[in-house]
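User: I am in my first year and would like a close look at one part of this model, where two helices pack against each other. Please take me through it slowly.

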Amino acid sequence: MPTPHTQMAESEPRQPLHAGLGWRHPHYAQLLEQRPALDFLEVHSENFFAAGGAALAVLERGRKLYPVSLHGVGLSLGSAAGVDPWHLDQLANLVERIDPVRVSDHASFARAPFGDRVVHAADLLPLPFTHEALDVLAANVQRVQDRLQRRFMVENISAYMQWNSAADQTLQETEFLNTLVRRTGCALLVDVNNIYVNALNAHKAGSCADPMAACKSWLEHIDPDAVEELHLAGHCNVNDAHGDIVIDDHGSRVSAPVWELYRHALTCFGAVPTLMEWDTAIPALDVLLDEVARARAVAEQTLGVAA
Amino acid sequence: MSTLAQQQQALVDALFAWPADDALNRLNAHCTGVGSQAQRGILAYQANGHALAERALQSAYPVVAQMLGAESFADLARALWHAHPPVRGDVAQWGGDLADFIAQSDQLQDEPFMPDVARVEWQLHCSATAHDQEADLASLALLTTEDPATLGLLLAPGTGCIRSAWPIASIWLAHTECTPSFAEVGTQLRARTAQDAVVWRQGLQPRLRLALPGEYAVLSALQAGTELEPAVAQASELDFTQWLPLAVQTGLVLGAYRISEERQP
């Protein structure tokens, strides 16, 4: 059993919290016009892979006003079929063009053979936390870092299924991610909502007695030096004829338990840049800015930092 | 094949095979679901894929979606998702197979113009993200000083010309700009009026209009890198001296260049 990492010492210097927003199409124009006080914008890299056109022009305007973090959803870092060279080329071009403050994607896979070709499932499909998967993930992350010539961030995902793998071949997710960091020098992007969604679903399946305690333990077992960004988002419960499941839909305000976990994450990791994501049923910009303000307030209450 | 590769192939099979029953049975050997029932998680991934397919296709093919109606279009999107899964991690790259897929669809044989409408919309979709190109109108002076047999025309990003046995420009314009009227389009459809449509990007805005007589041949030749003089000679019915000012004014032509300098993007 890995040892929990020591929480941030009281004597460490206080840093101001950098709070950002996931910048999506419905708010492209309004945000450029209003220029709200944000420390960074985060966009989905793939939405700007085009050689030209309106979306790229908007991003370049946004980049003149704010630092931009490029957050990918399609690199398929854990794929046994490897990273698509085309995808990596597009990302490298975008990184060169935008000069982002951070670049990230997920500890997941999407590419695999189907019929006579390798296809892309356009989703964040879970990896088994095995040594074999870790080898593949580490090799792909290293390839990306070598190409981009910069430290890359890898995010934990919400998983809606679990792989059956031999116990002696399987690591805890936190150990899996910490080992990835040690082997590649990459950083971690910790999505607090994803941890909670996974714990709730494990609870429904009868494998997690106390979701909040499990999430706090998860955070405590992550190497704090590796964490460069936190994500916050909403989730929903779907209960239909097929069953009862919690979905990370990014379609509502951050829930009270996730705010509590965010406080715990700040205690573990310090004033790490924090992003508010909202990707479905996107509300008015003011609602998102209100959530960003709340993240700043929570950081100030928790750490006493000037937000 | 490694265990990891087998696991990943099994999950992707379960997401794209249709019907998925056999693939789901194979996947069950590798995994368990989460939530209150074992298969619930896999259904969530399947539903994600279908919803994404509908959104992506709706974005690229708004007029086809309008013509088919929401329910039929959603069915079409899901069918294409399974028949032609994405191969890139940028979902905006997915959907280019729709025109051929519609052409082979038994259910859509009563609407034989639909594949060409889809071709037009895919050209518009690609035009929106084509490489930016600055206009160089001063270079048009070359047309008065140089031998046109040595010149090419610099065309707008995403320029394309689609030839159809159906009134595709009218169909698209009626659905997006209300001109011509649907009554006029109906008349043209009954008369099987053939049309060529010109697609280009004016600044950042994709555009479409009915091609002028002879314009399809000239634009096709110019796009193939043919010199101006032989390109214009492709279609005597196109009055180049009238066409050029219109093309420059609407951003279809951005400049001229010496073929030897290879300025065409």
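Analyst: In this predicted model, the residues of helix 7 of chain A that take part in the contact are Met212(A), Cys215(A), Lys216(A), Leu219(A) and Glu220(A), and they meet Pro257(A), Leu261(A), His264(A), Ala265(A) and Cys268(A) of helix 8 of chain A. Sorted by character, the residues of this contact comprise seven nonpolar, one polar and two charged.

Two packed helices are described by the angle between their axes and by the distance between those axes. Here helix 7 of chain A covers residues 211-220 and helix 8 of chain A covers residues 256-269, and their axes come within 10 Å and cross at roughly 25°. Because angles under 35 degrees count as roughly parallel, helix 7 of chain A and helix 8 of chain A are described as roughly parallel to each other. The crossing of these two helices of chain A is right-handed.

Chain A also has a partner, and 48 residues of chain A are in contact with 43 residues of chain B. On the side of chain B that touches chain A, at least two residues each come from helix 1 (3-16), strand 1 (31-33) and helix 3 (40-60) of chain B, and the largest share, eleven residues, is supplied by helix 1 of chain B. That side of chain B divides into 21 nonpolar, 17 polar and five charged residues.

Strand 1 of chain B, in turn, pairs with strand 8 (residues 161-163) of chain A in the antiparallel sense, over three bridges, and Gly33(B) in strand 1 of chain B is the bridge partner of Met161(A).

Key: Residues are numbered from 1 along each chain as its sequence is written. Chains are lettered from A and ligands numbered from 1 in the order in which they are written. This is a predicted model: local features need pLDDT of at least 70, side-chain atom pairs count only at pLDDT 80 or more; totals for chains, interfaces and linings use all residues. Axes are lines fitted to C-alpha atoms, for helices over the stretch in contact, and angles run from 0 to 180 degrees between N-to-C directions. Helices (H or I, at least four residues) and strands (E, at least two) are DSSP runs, numbered from the N terminus. Angles under 35 degrees count as roughly parallel, over 145 as roughly antiparallel, 65 to 115 as roughly perpendicular and the rest as oblique. A crossing is left-handed if the near helix is turned anticlockwise from the far one by less than a right angle, and right-handed if clockwise. Two residues are in contact if their C-beta atoms, placed from the backbone, lie within 7 Å. Ala, Val, Leu, Ile, Met, Phe, Trp, Tyr, Cys and Pro count as nonpolar, Asp, Glu, Lys and Arg as charged, and the others, Gly among them, as polar. Two strands pair if DSSP finds at least two bridges between them.
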